[in-house]
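Here's a quick walk through one model, with an eye on strand pairing and on how the aromatic rings meet. Have the sequence and the 3D view open as you read.

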Amino acid sequence: MPIQETNFHFPGQTGFYRGKVRDVYSFPDRLIMIASDRISAFDVVLPRPIPYKGQVLNQTAEYFLRATADLVPNWLLTVPDPNVSVGFRCEPYAVEMVVRGYLAGHAWRQYRDGHRILCGVALPDGLRENDRLPTPIITPSTKAHEGHDEDISREEILSRGIVSESEYVQLERYALALFERGTQMAAERGLILVDTKYEFGNLNGTVILIDEVHTPDSSRYFYADTYEEQLRANQPQKQLSKEFVREWLIANGFQGKTGQTVPTMSDEWVDQISGRYIELFETVTGQAFLRADETNPLNRIETNILKTLTDTTI
């Protein structure tokens, strides 16, 4: 049974927030994030949950948080359940650091429509969809609690005081270091890390990496062995990401705009999305995906969280 939402009340809980995908339970110095099976695109939560999607996100994020902890301190303490992460409660920065190594997705759509400045970054003429950029670029976006995230430039962030200059320099340095590590790890698995986003928070004056890292919801991957051939033939790249969901929605007349209706998601389409998420996990991590028991996932999750709350070492 896919996890559409949770509505727990834990001892010591001080707050609750439901994001597009995650349900977040707050404690004085900790957060418990439950990755549901909800799926969003164009900042809209689609009507049907995707089996095992939350588990894929949670366990992919755990894999990369642990693999990059030597580069950047992060929020994660423990993963007591396939869908649950527990970590430090930080003050989040109100920007997402989007790093792009290739001209794809949103960046390509902007470029195709004639824009040559993206988030204050100048792009040269003559680029094709999915071309590798001369060097990775950072195209930040505001972090919206509701509605659409919006592109923003470095200059706007600083002039509006959203982040101090010294902190923003640290965010840039961390984001590029993470992207370089992610690129190396992807290459080892026969993949290209095309673009991704990182979120950061402040913990007692220290910049901390938070949320998910290099997951199918936050990242786009191409298969390296077919990249050049597909590019020369001007054909779509074989990829592992959520982009195929966005493309299906666009083809069916939905881009999250006012008045548009989400197209009907068939059982076959939902199963296909689930399979693609599992494929991504196994490909990027090199590990077999072990499906969690979904007989009564809410009971399983609650039981495992309660055990964690009684563990005084966490």
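Is Phe 16 buried, partly exposed or exposed? This is a predicted model, so treat what follows as a reading of computed coordinates. Phe 16 turns out to be partly exposed, because its relative accessible area is 37%, which falls between the 20% cut-off for buried and the 50% cut-off for exposed.

Let's stay with the rings. Searching the whole structure turns up 14 aromatic pairs. One of them joins Phe 16 to Tyr 25 in a tilted arrangement, with 4.8 Å between the centres and 55° between the planes. Tyr 25 itself is buried, with a relative accessible area of 0%, whereas Phe 16 is partly exposed. Another pair, Phe 244 with Trp 269, is edge-to-face. Here are the two side by side:

| Aromatic pair | Geometry | Centre to centre | Angle between planes |
|---|---|---|---|
| Phe 16 and Tyr 25 | tilted | 4.8 Å | 55° |
| Phe 244 and Trp 269 | edge-to-face | 5.8 Å | 80° |

What does the edge-to-face pair tie together? Phe 244 belongs to helix 6 (residues 243-251) and Trp 269 to helix 7 (residues 267-285), so the pair links parts that are 25 residues apart in sequence. Both Phe 244 and Trp 269 are buried. Phe 244 has a charged neighbour too: the charged end of Arg 276 sits over its ring, 3.9 Å from the centre. Elsewhere, Lys 238 lies over the face of Tyr 223, 4.2 Å from the ring centre.

Back to Phe 16 and Tyr 25, which also take part in a cluster: ring pairs link them with Phe 8 and Phe 10.

Now for the strands. Strand 2 covers residues 22-26 and pairs with strand 3 in the antiparallel sense, over five bridges. The connection between strand 2 and strand 3 is a hairpin of three residues. Within this pairing, Arg 22 stands opposite Ala 35 of strand 3.

Strand 3 also pairs with strand 7 (residues 84-88), again antiparallel and over five bridges. There, Ile 34 has Val 84 of strand 7 as its bridge partner.

So how many of the six residues of strand 3 are buried? Five are, across residues 30-35, and therefore strand 3 is largely enclosed by the rest of the structure. As a general point, side chains in a regular strand alternate between the two faces of the sheet.

Methods. Residues numbered from 1 in each chain as written. Predicted model: local features only at pLDDT ≥ 70, side-chain atom pairs only at ≥ 80, totals over all residues. Heavy atoms only, no water. Buried < 20%, exposed > 50% of the residue type's maximum accessible area, 1.4 Å probe, protein only. Helix = DSSP H or I, 4+ residues; strand = E, 2+ residues; numbered from the N terminus. Pairing = 2+ DSSP bridges. Phe/Tyr/Trp six-rings, centres within 6.5 Å; stacked < 30°, edge-to-face > 60°. Lys NZ or Arg CZ within 6 Å of the ring centre and 35° of its normal.
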